[in-house]
Amino acid sequence: MIKQVSPSQAWELLTDNPATVLIDVRSKVEYTHVGHPVGSVHIPWLEAPDWKVNPQFVDQVIDSRADKTTPILLLCRSGQRSMSAAKALEAAGFTDLANIEEGFEGSIDDQRHRGKLSGWRFHGLPWEQS
């Protein structure tokens with residue numbers, strides 16, 4: 001079963017268990033220019049320009065120092081792509097998965113902006129830009 005966690009709960013899991021791996025599944029442009037959680041591993045689930053599922057995703061997760069029992073947190077912009085990626089890992093036999101519900105940028109506000117209502121950055125958790 002894939003757990004649903006808030007960004008704050010994800011940060012607590014990361015700090016309580018150093019073996020936990022945070023995988024940011026957003027595109028390279030999002031990861032680099034919008035920013036990403038400090039210490040996250042970047043493995044895109046979908047990538048421009050064709051936005052097709054990364055056929056090497058599961059293998060790249062394994063290469064990132066995660067085995068099938070490693071606690072893995074998955075994050076995208078708002079929690080949708082990361083849930084799809086988590087389902088692929090679950091189908092591949094991974095057993096300790098959590099989707100970060102609000103994602104990095106969170107929901108869209110009335111002005112059609114993200115980051116003002118929810119998300120990793122909204123909660124003031126450690127992040128950086130490349």
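## A walk through the sheet and its helices

Let's start in the middle of things: helix H1 (residues 7-16) lies across E1, E2, E7 and strand E8 (97-100), and its direction makes about 105° with E1. On the sheet you'll also find helix H4 (residues 81-91), which touches E1, E7 and E8 and runs at about 170° to E8. Keep in mind that you're looking at a predicted model.

So what are these helices resting on? The sheet is an open one of five strands, in the order E1-E8-E7-E2-E4, and the pairing is parallel. Strand E1 (3-5) and strand E4 (41-42) sit at the edges, each pairing on one side only. As a bit of background, strands of a sheet pair through backbone hydrogen bonds, either parallel or antiparallel.

Let's go across the sheet pair by pair. E1 and E8 are joined in the parallel sense over three bridges, and here lysine 3 has alanine 98 of E8 as its bridge partner. On we go to E7 and E8, which also pair in the parallel sense, over three bridges; look for isoleucine 72 standing opposite leucine 97 in E8. To get from E7 to E8, the chain passes through H4, and this β-α-β crossover is right-handed. Then come strand E2 (residues 21-24) and strand E7 (residues 72-75), a parallel pair with four bridges. In this pair, aspartate 24 is opposite leucine 75 in E7.

E8 deserves a second look. In a regular strand the side chains alternate between the two faces of the sheet. Which way do the residues of E8 point? Leu97 and Asn99 go one way while Ala98 and Ile100 go the other, and all are buried.

Back to H4, this time for its side chains. Which of its residues are buried? They are Arg81, Ser82, Met83, Ala85, Ala86 and Leu89. Their packing partners take in the sheet strands E1, E7 and E8, and also helix H2 (28-34), strand E5 (46-47) and helix H3 (57-63). After H4 comes glycine 93, with a positive phi near 105°.

Now for some backbone oddities. Most residues other than glycine have a negative phi, and most peptide bonds are trans. The loop between E5 and strand E6 (52-53) is a good place to look, with proline 49 in it and alanine 48 there too. The peptide bond joining alanine 48 and proline 49 is cis, with omega at about 5°. Alanine 48 has a relative accessible area of 41%, so it counts as partly exposed. If you'd like a sense of scale, alanine 48 and isoleucine 100 are 52 residues apart in sequence, and their C-alpha atoms are 22 Å apart in space.

Tryptophan 51 belongs to the loop between E5 and E6 as well. Its phi is positive, near 55°, though the residue isn't a glycine. Is tryptophan 51 buried or exposed? With a relative accessible area of 43%, tryptophan 51 is partly exposed, because that category covers values from 20% to 50%.

Further along, in the loop between E8 and strand E9 (127-128), you'll come to arginine 112. Arginine 112 isn't a glycine either, yet has a positive phi of about 65°. Its relative accessibility is 64%, and the cut-off for exposed is over 50%, so arginine 112 counts as exposed.

Finally, step back and take in the whole chain. There are four helices and nine strands, and reading along the sequence gives the pattern β-α-β-α-β-β-β-β-α-β-α-β-β. The C-alpha trace spans about 40 × 35 × 25 Å along its principal axes. How does the radius of gyration fit with a compact globule? A compact globule of 130 residues would come out near 14 Å, and the chain has 14 Å, so the two agree.

As for contacts, take those with a separation of 6 or more: 60% of them are between residues 24 or more positions apart. Of the 130 residues, 46% count as buried. The accessible surface of the chain is about 6,800 Å², and carbon and sulfur atoms make up 51% of that.

Note on methods
Residues numbered from 1 in each chain as written. Predicted model: local features only at pLDDT ≥ 70, side-chain atom pairs only at ≥ 80, totals over all residues. Heavy atoms only, no water. Pairing = 2+ DSSP bridges. Helix = DSSP H or I, 4+ residues; strand = E, 2+ residues; numbered from the N terminus. Contact = heavy atoms within 4.5 Å. Axes fitted to C-alpha atoms, helices over the stretch in contact; angles between N-to-C directions. Buried < 20%, exposed > 50% of the residue type's maximum accessible area, 1.4 Å probe, protein only. Right-handed = clockwise from strand over helix to strand, strands pointing away. Rg over C-alpha atoms; globule rule 2.2 N^0.38 Å. Areas by Shrake-Rupley, 256 points an atom, 1.4 Å probe, with all protein chains shown as cover.
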